Amino acid sequence: MSRIGKLPIALPDGVQISVSDENVVSVKGKLGELHQAIDPNIQVKTEDGNIILERNNESKEVKSKHGLYRALISNMVTGVTDGFTIIQELVGVGYKAEVKGQNLELSLGFSHNVVFEMPEEVKAEAVTERGKNPTITLKSIDKQLIGQVAAKIRSLRKPEPYKGKGIRYKGEVVRKKAGKTSADK
């Protein structure tokens, strides 16, 4: 039995779950609604305030998907109740971020500004305080989507190991390398 797959998911108040005939799970809460297609070999049941996932057979493929779909549904329930937030820092002299509608305009030391178009489901907020690194705050109910967007923004200027300049997640530690030393003796 999958250790993660057999765990029940607590269903908070105000959250409704439904499974369609095409094995699409819909979770609806106060922040929105999310949908996820599920493998036909996995059944989703609701018993006394908990969501339980069971599998039809014991094949290796179905066993591996049991824990996966349990985690995805758990993230959907958390997303529609609380939402997800990712904070990123821009470390570098002259690095700036500005939100214009659904576009995120970044000044990252290139000869031009980078304009990143955000999906409708993700809300961005840029904060610049004097004496601190500019920060970008991303909020969404979809954990997969917000993680993908944050990774794409980070890939525009990854933290480099010599000075540590670039876009990093809040709290991320960048291991620095020692630079070259002179050969004079």
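1. Strands, as the word is used in this note, are DSSP runs of E at least two residues long, numbered from the N terminus. In that sense Val91 is found in strand S7, and the model in which it is placed is a predicted one. Val91 counts as buried, because its relative accessibility is 16% and the cut-off for burial is under 20%.

2. The surroundings of Val91 bring in residues that are remote in sequence: Val91 and Ile167 are separated by 76 residues along the chain, yet their C-alpha atoms are 6.2 Å apart in space. When neighbours within four places in sequence are left aside, Val91 is in contact with Asn133, Gly164, Lys165, Gly166 and Arg168.

3. Strand S7, which spans residues 84–91, belongs to an open sheet of four strands whose order is S11-S12-S7-S13 and whose pairing is antiparallel. The edges of this sheet are strand S11 (123–127) and strand S13 (166–169), each of which pairs on one side only. On average, and with direction ignored, neighbouring strands of the sheet are turned by 25° against each other.

4. The pairing of S7 with S13 is antiparallel and runs over four bridges; as one detail of the register, Gln88 has Tyr169 in S13 as its bridge partner. Helix H2 (residues 143–155) packs on the sheet, where it touches S7, strand S12 (135–140) and S13, and the direction of H2 makes about 5° with that of S7.

5. Turning to the nonpolar interior, the largest core has 20 residues, and those touching the most other members are Ile17, Val25, Val27, Val44, Ile51, Leu53 and Ile73. Two or more residues are given to this core by each of strand S3 (24–28), S5, strand S6 (50–55) and H1, with H1 providing the largest share, seven residues.

6. Ile17 illustrates how this core is assembled, since, not counting residues up to four places away in sequence, Ile17 touches Leu11, Val25, Ser26, Val27, Val44, Thr46, Ile51 and Ile73. Apart from the largest core lies another, of 18 residues, which includes Leu90, Val122, Ile146 and Ala150.

7. Among the charged side chains, a search of the whole structure finds seven salt bridges. One of them joins Lys65 and Asp39, with an N to O distance of 3.1 Å, and it links distant parts of the chain, given that Lys65 is in helix H1 (residues 60–81) whereas Asp39 is in the loop between strand S4 (33–37) and strand S5 (42–47), 26 residues apart. Lys65 is partly exposed, its relative accessible area being 22%, while Asp39 is buried, its relative accessible area being 13%. The salt bridges also form a network here, in which Asp39, Glu61 and Lys65 are linked.

8. Two further pairs deserve a mention. Glu54 and Lys45 meet through their side chains in a salt bridge of 2.7 Å, N to O; Glu54 counts as partly exposed at 31% relative accessibility, and Lys45 is likewise partly exposed at 35%. In the salt bridge of Lys132 with Glu129, the closest N and O atoms are 3.6 Å apart. Here Lys132 counts as exposed because its relative accessibility is 56% and the exposed class begins over 50%, whereas Glu129, at 43%, counts as partly exposed.

Notes
Residues are numbered from 1 along each chain as its sequence is written. This is a predicted model: local features need pLDDT of at least 70, side-chain atom pairs count only at pLDDT 80 or more; totals for chains, interfaces and linings use all residues. Side-chain values use heavy atoms; hydrogens and water are left out. Two strands pair if DSSP finds at least two bridges between them. Axes are lines fitted to C-alpha atoms, for helices over the stretch in contact, and angles run from 0 to 180 degrees between N-to-C directions. Contact means heavy atoms within 4.5 Å. A salt bridge is a side-chain nitrogen of Lys or Arg within 4 Å of a carboxyl oxygen of Asp or Glu. Buried means under 20% relative accessible area, exposed over 50%, partly exposed in between (1.4 Å probe, protein chains only). A nonpolar core is a set of buried Ala, Val, Leu, Ile, Met, Phe, Trp, Tyr and Cys residues joined through side-chain atoms within 4.5 Å.
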